[in-house]
Amino acid sequence: MSATRGVFYVHSAPSALCPHIEWAVGGVLGVPVNPNWTPQPAQSGSYRCEFSWQGSVGAAAEMASALRGWNHLRFEVTEEPTASTEGARFSYTPDLGVFHAVTGIHGDIMIPEDRLKASVVRAALGEVTLEIEIDKLLGKPWDDELETFRHAGEGAPVRWLHQVV
C-alpha cells in the first residue's frame, strides 16, 4: 500500500463537533489527532484548525467521506500525488456539498476529458455558459464560499506550507 501525505483544514466547526472531527479523522489515519483549535473570527462560536497528515493513498477521500453531510462544518483536505497516483483535493460546505478534484504534481487541477466534453455540450445546448461550467469544474463556487474562512484572524498562528522564491 502506497503512503502519501496531505493537509487537513477545518475552516469552521462548532465546538461540539471538534472532538467528533478528531475521532473521525483519527479513525481514517489510524492514529489520534489533536489539532490546535483556534476561534474562527469569520463565524462567531466556531473554530478552525489545520494539520499535516501522513497515511495511505486514498486517505483524503476517506476523510471527506467520513465528514460529508455534517451540518455547520466547512473543511478541505488535500492529498499529494505519489509516483503511481495523482493527488486530490476535497472541499466541503454545507450548502454546496463535496467538491473533488484530481491534482497533478504541481497542485494544478486536472479535469478529465469526459467531464470537459460534457460541460462543452451543456454550454452548446444553452443550458449554461461555458464560463460557469469551467468555474464548477475548477471548484470556484467552493473557493468563493470558503475564502472568508481561509484567512486567519489577527494573532492566529499562520503555518506556511511552502515559499515561492
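These legends go with close-up views of a predicted model.

**View 1. Strands β1 and β3 run alongside each other in the antiparallel sense.**
Here we're looking at β1, residues 3-14, next to β3, residues 46-56. Ten bridges hold the pairing on record between these two strands. To get your bearings, find Ala 13: its bridge partner in β3 is Tyr 47.

**View 2. β2 and β3 make a hairpin.**
Strand β2 is just residues 38-39, and it pairs with β3 over two bridges, again in the antiparallel sense. Pro 39 has Tyr 47 as its bridge partner in β3. Tyr 47 is also the β3 partner of Ala 13, so this residue is a handy landmark for both views. Between the two hairpin strands sit six residues. If you're checking backbone torsions, go to Gly 45 in the turn, where phi is positive at about 85°.

**View 3. Arg 5 and Glu 80 meet through their side chains.**
This is a salt bridge, with an N to O distance of 3.0 Å. Arg 5 belongs to strand β1, while Glu 80 sits in the loop between β4 (74-79) and β5 (87-93), so the contact ties together parts that lie 75 residues apart in sequence. How exposed are the two partners? Arg 5 has 47% relative accessibility, so it counts as partly exposed. Glu 80 comes in at 36% and counts as partly exposed too.

**View 4. Lys 140 and Asp 144 pair up within helix α5.**
Their side chains form a salt bridge of 2.9 Å, N to O. Both residues lie in α5 (residues 140-150), and the spacing of four residues is about one turn of the helix. Asp 144 is partly exposed at 48% relative accessibility, and Lys 140 is partly exposed at 36%.

**View 5. Arg 150 and Asp 143 belong to a salt-bridge network.**
Start with the salt bridge between Arg 150 and Asp 143, whose closest N and O atoms are 2.7 Å apart. Which residues does the network join? Shared partners link Glu 76, Arg 89, Asp 143, Glu 147 and Arg 150 into one network of salt bridges. Neither end of the starting pair counts as buried, for which the cut-off is under 20% relative accessible area. Arg 150 has 24% and is partly exposed; Asp 143, at 21%, is partly exposed as well. Across the whole structure there are eleven salt bridges.

Notes. Residues numbered from 1 in each chain as written. Predicted model: local features only at pLDDT ≥ 70, side-chain atom pairs only at ≥ 80, totals over all residues. Heavy atoms only, no water. Pairing = 2+ DSSP bridges. Salt bridge = Lys/Arg side-chain N within 4 Å of Asp/Glu carboxyl O. Buried < 20%, exposed > 50% of the residue type's maximum accessible area, 1.4 Å probe, protein only.
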